[in-house]
Amino acid sequence: MATSRFVGYLESRKNIAGSAAGLAGLVLTFTGAAGSYWPVVVAGLYGAGALIAPPERPPLPGFPDPSAQLDALRDDFERLGGYLAETELPPAVAGRLTELTGLLAALLEPGWVAEVLAQDPEGVHTLSRTVRQDLPEAVDSFVRTRWWTRMAPGQEPPERHLERQLVLLQEEAERLTAGLREIEARRQETHTRYLQDRSPEQGRGELRDQPPTTRGRRPT
């Protein structure tokens, strides 16, 4: 451990900067400018160089990029689909669930939609939270509460809460979809402005598009 630290210091910026300053001190020594105090000059310049050198920056941790996160999320979504297929749900709730999972599947499908999503870390987080936490918890809490309701009839039907939860998750997924669409719309508008700004014929083209009776007429 001590040897690796020593080797690491030899390769550090502080040692390199201090050594460069120390070499400058040796040059002063050879020219006679340092006199008999040359060891102090060399050591002082080395220490000064080491102090002003920028600190070492540790490497960033290698977290997976959003595209890799989406690949893992697709696997989790597939496992979630298997769990949902084994769960017995009322028809009305099952319809809501089908709409939600269909939208999630469309967002996660590999292709240009997923490429746009990968550029939105907050959107990836929202989708991950829905697949890995919110939707499984909603269905599981329904299954548990339904058993207790059957043991003690007369309580509020648990499917009402599940349906409301699915509606909220659907609205969240639709907001995410609308946000991604807005990104693409802004991209299209930006490209239009770029083409307009680089076209020197735009002004003359607009003039040619005017009716002939208005071209070249002096205002009265």
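Buried residues make up 26% of the 220 residues in this protein chain, and I should say at once that we are looking at a predicted model, so please hear every value that follows as a computed one. The accessible surface of the chain comes to about 15,800 Å², and 59% of that area belongs to carbon and sulfur atoms.

As for the fold, the chain contains nine helices and zero strands, so that reading along the sequence we simply pass from one α element to the next, in the pattern α-α-α-α-α-α-α-α-α. If we take the contacts between residues at least 6 apart in sequence, 73% of them join residues that are at least 24 apart.

Let me turn to the interior. In soluble globular proteins, nonpolar side chains tend to be buried together. Here the largest nonpolar core holds 30 residues, and the members that touch the most other members are L70, L104, L127 and L135. At least two residues of this core come from each of the helices α4 (66-85), α5 (91-108), α6 (112-118), α7 (121-151) and α8 (158-198).

Which residues does L104 touch, once we set aside those up to four places away in sequence? The answer is F77, L127, T130, V131, L135 and A173, and two of these, L127 and L135, are themselves among the core members with the most core neighbours.

Now to the charged side chains, where the count comes to nine salt bridges, of which I will discuss a few. D76 pairs with R79, and the closest N and O atoms of that pair are 2.0 Å apart. The two residues sit three positions apart in helix α4, which means that about one helical turn separates them. Is D76 buried or exposed? With a relative accessibility of 19%, D76 counts as buried, because the cut-off for that class is under 20%, whereas its partner R79, at 56%, counts as exposed.

D76 has a further partner, since R132 also forms a salt bridge with it, with the closest N and O atoms 2.6 Å apart. Because R132 belongs to helix α7 and D76 to helix α4, this pair ties together parts of the chain that are 56 residues apart in sequence. R132 itself is partly exposed, having a relative accessible area of 42%.

Another of the salt bridges joins the side chains of D134 and R129, at 3.8 Å from N to O. Both of these residues are partly exposed, D134 with a relative accessible area of 23% and R129 with one of 28%. Going back to the earlier pairs, D76, R79 and R132 are joined into one network by salt bridges that share partners.

The last residue I would like to show you is E163, which lies in helix α8 and is partly exposed, with a relative accessible area of 28%. How far apart are E163 and A92 in sequence and in space? They are 71 residues apart along the chain, while their C-alpha atoms lie 8.1 Å from each other. If we leave aside the neighbours within four places in sequence, the residues in contact with E163 are V93 and R96.

To gather this up, we have a predicted model of a chain with nine helices, a largest nonpolar core of 30 residues to which helices including α4 and α7 contribute, and a salt bridge between R132 and D76 that links those two helices as well.

Methods
Residues numbered from 1 in each chain as written. Predicted model: local features only at pLDDT ≥ 70, side-chain atom pairs only at ≥ 80, totals over all residues. Heavy atoms only, no water. Core = buried A, V, L, I, M, F, W, Y, C linked by side-chain atoms within 4.5 Å. Buried < 20%, exposed > 50% of the residue type's maximum accessible area, 1.4 Å probe, protein only. Helix = DSSP H or I, 4+ residues; strand = E, 2+ residues; numbered from the N terminus. Contact = heavy atoms within 4.5 Å. Areas by Shrake-Rupley, 256 points an atom, 1.4 Å probe, with all protein chains shown as cover. Salt bridge = Lys/Arg side-chain N within 4 Å of Asp/Glu carboxyl O.
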